[in-house]
Amino acid sequence: MGHGGNNIIPNVHFRKINGCQSGRKNRVFMRTWLDQAGRKKRRSNARKAKAAKVFPRPAAGLLRPVVHPPTQRYNMKLRLGKGFTLDELKEAKIPRKYAKTIGIAIDHRRRNRCTESLQANVERLKLYMSKLLLFPKKAGAKKVRKGDTPRSELENVAQNTLKDIIPVPKPEKRTRARAITAEEKEASAYKQLKKARTNKHYLGERMKKAKDAAAKET
């Protein structure tokens, strides 16, 4: 007899028992992967069929921007976003309606919070436009529109089958140690931030004074 008290009645289920019966009883829980090679081939064929279907367009679909994921845990990384902002398209001098027709994704909700990310995506757009080849929609010399690539350059054009069209840049994870310069020692981050806040606070008042002074001179 065990210890006294109102205890749980032992009712354990040891399925993985030793002996000749273990193979028969445990086979129910086994997960085989005998179709691994077949699935690999099926995925490869599906990718090739999709690329052939959208030829000569890129197999990856639309060009997407490079963004930083949210939260402090992931914001040091880079990934593809939903679409380019209207400011990025404007900076790259690409009309919004025209961008949709040449395979550029647009996201009117996203905002540019810093100049660095804006310029990075503008450079991405410019690189895409420099490599872009536009096929005429219809055959015939009269059907060629303004901006279409000449037919002589369209012979034996290879399709872009990359996953991201333009690969996402990999930032350097390690920064090598170096000596602190004299300028960095003299500079004060606190004073710079304080001055920036002060300038922002008095910006409207200073603009009004400058406007009134200009009005008095005239």
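**Getting to know the chain and its charged pairs**

The protein chain has an accessible surface of about 19800 Å², and 55% of that belongs to carbon and sulfur atoms. This is a predicted model.

Colleague: Hello! To get my bearings, how many helices and strands are there in the protein chain?

Modeller: Happy to help. Starting at the N terminus, the elements run α-α-β-β-α-α-α-α-α-α. Counted up, that gives eight helices and two strands.

Colleague: And what share of the residues in the protein chain count as buried?

Modeller: A residue counts as buried when its relative accessible area is under 20%. The protein chain has 218 residues, and the buried share of them is 18%.

Colleague: How many salt bridges does a search of the whole structure find?

Modeller: Side chains of opposite charge can pair when their charged atoms come close. For a salt bridge, the cut-off between the nitrogen and the carboxyl oxygen is 4 Å. R178 and E184 meet this way at 2.9 Å, as do R39 and D35 at 3.1 Å. Across the whole structure, the search finds four.

Colleague: Take R39 and D35: are these two side chains buried, exposed or partly exposed?

Modeller: Partly exposed lies between the limits of 20% and 50%. R39 has a relative accessible area of 36%, and D35 has 33%. Both values fall in that range, so R39 and D35 are partly exposed.

Colleague: What about R178 and E184, which of them counts as exposed?

Modeller: E184 has a relative accessible area of 39%, which makes it partly exposed. Exposed means over 50%. With 59% relative accessibility, the exposed residue is R178.

Colleague: How far apart in sequence are the parts that R110 and E88 tie together?

Modeller: R110 and E88 form a salt bridge, with their closest N and O atoms 3.0 Å apart. R110 sits in the loop between α4 (96-101) and α5 (115-131), while E88 belongs to helix α3 (residues 86-91), so the parts joined by this pair are separated in sequence by 22 residues.

Colleague: Is E88 buried or exposed?

Modeller: The limit for buried is under 20% relative accessible area. E88 has a value of 0%, so E88 is buried.

Colleague: Now R124: which side chain of opposite charge is nearest to it?

Modeller: R124 is found in helix α5. Leaving aside neighbours within four places in sequence, its contacts include L63, F84 and I166. R124 is buried but has no salt bridge. At 6.3 Å, the nearest side chain of opposite charge is D164.

Notes:
Residues are numbered from 1 along each chain as its sequence is written. This is a predicted model: local features need pLDDT of at least 70, side-chain atom pairs count only at pLDDT 80 or more; totals for chains, interfaces and linings use all residues. Side-chain values use heavy atoms; hydrogens and water are left out. Buried means under 20% relative accessible area, exposed over 50%, partly exposed in between (1.4 Å probe, protein chains only). Helices (H or I, at least four residues) and strands (E, at least two) are DSSP runs, numbered from the N terminus. Accessible areas come from the Shrake-Rupley method with a 1.4 Å probe; for residues, only the protein chains shown count as cover. Lys and Arg count as positive and Asp and Glu as negative; His and the chain ends are not counted. Contact means heavy atoms within 4.5 Å.
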